[in-house]
Amino acid sequence: MSTPVKKVPIHLQSSQNRLLIKNGKIVNEDNIIEDDVFVEDGIIKEIGRNLIIPGGTRVIDARGKYVFPGGIDPHTHFEFEFMGTTSVDDFYQGTKAAIAGGTTMIIDFAFPKQGESILDAYYSYREKADSKVCCDYGLHVALTSWSDQVKQDMSILCSHHGVNSFKTFMAYTFMLNDSELYSVFDHCKNIGAIPQVHAENGPEGHEMSRPEEVEAEAVNRACTIAHQVDSPLYVVHVMSKSAGLAIKQARERDVRMIGETLVAGIACDGSHYRNPCFSHLAAHILSPPIRPDNTTPQYLMNFLAQKAFAKFFVDQYTFVVNSPLCIDTVSSGLTADVIKEKRSLGQNIYGTVYVSNLALVGNAQNATTVTTPPIRSNPDTPAQLLGYLGSNVLQVTGSDNCTFNKSQKEMGMKDFSKIPNGVNGVEDRMSVIWEKGVHSGIIDPMRFVAITSTNAAKIFNIFPRKGCIAVGSDADIVIWNPNKTRVISAKTHHQAVDYNIFEGMECHGVPEYVIVSGRVCVDEEQLRAVQGHGRFVETPVYPAYVYDPEKLAHVRAAKNGTLNEVELSNKLAKIELE
Ligand code: URP
Ligand code: ZN
Ligand code: ZN
Ligand code: ZN
């Protein structure tokens, strides 16, 4: 059995196949450097200064702008037959809108129809998508039932069709029960795949009928099951504080929990559900819902801001930048605040924090913990410092783009449980996260790149082809002008849907150029996406990000008490966790 052969897209005209991006600030997850990028035939060929470039190469001047890897949206539902209707953004319009916003790859979900095998669902999605996609795409496969056949087909999808992730449901009519989840997670572990879970305990309904408690309970239960069978687990669309906290706790027990949140959760709260206008409230219906507690968006953003919990143990950590000045031993929240402020003003400063300052409060100090500057007596300091380093509760942002027009939402006019679930976000995800994360000072551009692109590439095992600006990587590149602003509106967006849940939001940062496999598809803000330009990207099993055996061996040894914290910290310091 083999994957349907995809024609090589009519690539670039020879005069168009070379591109030089000059003078930009290249942002990867771990550094920012000023360099030029040379692209040829869809691949990044060289990075550096004074590159010798063939005549006729197009040059884009990116001075004062950021150059970062195109976004990867790991969660979309294009032309999805769901709740009696079909989502209006199809693989053409959906990927076109993605590109307009700076996303150059999406991962959708092949969903079996009633009675259809998952293998056939995969084929049918390939058929729908292959000729339409404007950018590269991958597929997760949804498991809506469990049987030996499903199990066999999962293995085939992994070994022959470039699928490495399967979504299970703890809600909706097609939810799996706990013992089925055990079997799925266990099988995923055996074949090196990533089990994903829609974690909600409950029947159909909306916020009132599915408060955050039922989300947290389901997250907790799914994490427990994954921990029992020793599989990794990817929790999709984490929408509440309690669910985030449940993941945090699970990550402290097991490093292989991955949390995804949605732009809808970062930008909107549940007050929309009290809007007297049916179309307004219905447009905001998704599952799990946005939460009535209006501090939730900020919480979710903070969960994303944070870095690997294991780094707590690493005795030296730097806020990495291209910097001539290093403040050694940032021991207080105040110093950290100063560094943050300078950095937000563009100054090249970085700080080093020691684990003692993170773990201890001054009044607990004894002879063995004397350091200079001292461990602070302010009991809030460790938390403040940790706030900067954090615990990496959530690693990925998706859109869960699953759009229905006003008329489709009206199917639920008399019965809210019949409102087709889903919102927009594939186009605006990058802007909203930049605005709420970078512009508001919670994360730096490197973390932005990690949570919008790199982490997804690592988790789904397509790094470093995707998710970074590096020689040999696909030329999926965004040139981002942080000084321009735009206002989001359904009137100007490129999606098919007639509503935008971020309507009126002003965002700093505009994708002036978006390069998709070497082709300039947003050119001075003008969208020129090309139908069929995208390819299916195979996602291989056993991603090192979640399956790295060395990392796991150390963490297990620590859990079993055979390594003390210092030994653990030394080992972990050597292992790239992020
Ligand atoms: O409401 C949502 N999220 N719709 C899409 C289907 C799903 O559960 O991801
Ligand atoms: Zn879901
Ligand atoms: Zn979804
Ligand atoms: Zn609204």
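Reader: Between which elements is the loop in which tyrosine 542 is found?

Author: Tyrosine 542 is found in the loop between β22 (526-527) and α16 (544-547), where helices (DSSP runs of H or I, at least four residues) and strands (runs of E, at least two) are numbered from the N terminus. This is a predicted model, in which local features need pLDDT of at least 70 and side-chain atom pairs count only at pLDDT 80 or more, while totals for chains, interfaces and linings use all residues. Residues are numbered from 1 along each chain as its sequence is written, chains are lettered from A and ligands numbered from 1 in the order in which they are written, and side-chain values use heavy atoms, with hydrogens and water left out.

Reader: Why is tyrosine 542 called partly exposed?

Author: Buried means under 20% relative accessible area and exposed means over 50%, with partly exposed in between (1.4 Å probe, protein chains only). Tyrosine 542 has a relative accessible area of 45%, and is therefore partly exposed. Its phi is near 55°, a positive value in a residue other than glycine.

Reader: What makes strand β11 largely enclosed?

Author: In strand β11 (residues 165-171), 7 of the 7 residues are buried, so the strand is largely enclosed by the rest of the structure.

Reader: How do you know that β10 and β11 pair?

Author: Two strands pair if DSSP finds at least two bridges between them, and strand β10 (residues 136-142) and β11 are joined in the parallel sense over 2 bridges. Alanine 142 has lysine 167 of β11 as its bridge partner.

Reader: What makes the contact of ligand 1 with lysine 167 a polar one?

Author: A polar contact is a pair of N or O atoms within 3.5 Å; within protein, one must be able to donate a hydrogen and the other to accept it, and residues adjacent in sequence count only if both atoms are side-chain atoms. An oxygen atom of ligand 1 lies 2.9 Å from an N or O atom in the side chain of lysine 167, so the pair falls within the cut-off. For tyrosine 172, too, an N or O atom of the side chain is 2.9 Å from an oxygen atom of ligand 1.

Reader: How do you know that His272 and His280 are donors of the zinc ion (ligand 4)?

Author: Donors are N, O and S atoms within 2.8 Å of the metal (3.2 Å for Na, K and Ca), and water is not among the atoms, so sites may look incomplete. His272 (ND1) and His280 (NE2) lie 2.6 Å from the zinc ion, and both histidines are buried.
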